[in-house]
Amino acid sequence: MGTIAIARVYDDIERDPQHCILIDRLWPRGLAKADAPFSTWAKDVAPSTELRKWYDHDQARLAEFAERYRHELATPSAVDALHTLRQQIEGDDVILLTATKDLALSHASVLRDVLLAS
């Protein structure tokens, strides 16, 4: 597996959109689909709406959020989505994109760790 970086979807990254993957469940605000800097939208690996709302990017909940999110990623539908994502990125350097303002509190780092662990 190549490297897996994380960036905000709004960042000006000079990379091939073929190697950028949006990992949010919701489409980023203010971003026209025609201007999307990615070729793949892997919304099925994003945290559930319920988990996302509970977490609310509260730093005090980060550890529990990560544990709950990993549990969600172990469900059958998420396992299938992760398998598809792994096949898409196999051997490539990719950037996981999220609209989250604070990447340190984002689900992206948890997802990256899960992808790299396999």
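Are Tyr-55 and Phe-65 buried or exposed? In this predicted model, both Tyr-55 and Phe-65 turn out to be buried. Their contact is one of the four aromatic pairs that the structure holds, and the pairs make a handy way into the rest of the side-chain picture.

Start with the pair from the loop and strand region. Trp-27 and Trp-41 have ring centres 5.1 Å apart with the planes at 75°, so this pair goes down as edge-to-face. The contact links distant parts of the chain, with Trp-27 sitting in the loop between β2 (20–22) and β3 (40–41) and Trp-41 in strand β3, 14 residues apart. Neither ring is hidden away: Trp-27 is partly exposed at 25% relative accessibility, and Trp-41 is partly exposed too, with a relative accessible area of 29%.

Back to the buried couple. The ring centres of Tyr-55 and Phe-65 are 4.1 Å apart and the planes meet at 10°, so the pair is stacked. Tyr-55 belongs to helix α1 (residues 49–55) and Phe-65 to helix α2, so the stack ties together parts that are ten residues apart in sequence.

The tryptophans also have other company. Trp-27 and Trp-41 join Phe-38 in one aromatic cluster. Lys-33 lies over the face of Trp-27, at 5.0 Å from the ring centre. A second charge-over-ring contact involves Trp-54: the charged end of Arg-68 sits over this ring, 3.9 Å from its centre.

Arg-68 then leads over to the salt bridges, of which the structure holds two. In one of them, Arg-68 partners Glu-64, with the closest N and O atoms 2.7 Å apart. Why does about one helical turn separate Glu-64 and Arg-68? Because the two residues are four apart in helix α2 (residues 62–73). Both ends of this bridge are partly exposed, Glu-64 with a relative accessible area of 39% and Arg-68 with 35%. Arg-68 thus shows up twice, as the salt-bridge partner of Glu-64 and as the charge over the ring of Trp-54.

The other bridge joins Asp-58 to Arg-61, where the closest N and O atoms are 4.0 Å apart. That value sits right by the cut-off, since a salt bridge calls for a side-chain nitrogen within 4 Å of a carboxyl oxygen. Asp-58 is partly exposed, with a relative accessible area of 32%, and Arg-61 is likewise partly exposed, at 32%.

Notes. Residues numbered from 1 in each chain as written. Predicted model: local features only at pLDDT ≥ 70, side-chain atom pairs only at ≥ 80, totals over all residues. Heavy atoms only, no water. Buried < 20%, exposed > 50% of the residue type's maximum accessible area, 1.4 Å probe, protein only. Phe/Tyr/Trp six-rings, centres within 6.5 Å; stacked < 30°, edge-to-face > 60°. Lys NZ or Arg CZ within 6 Å of the ring centre and 35° of its normal.
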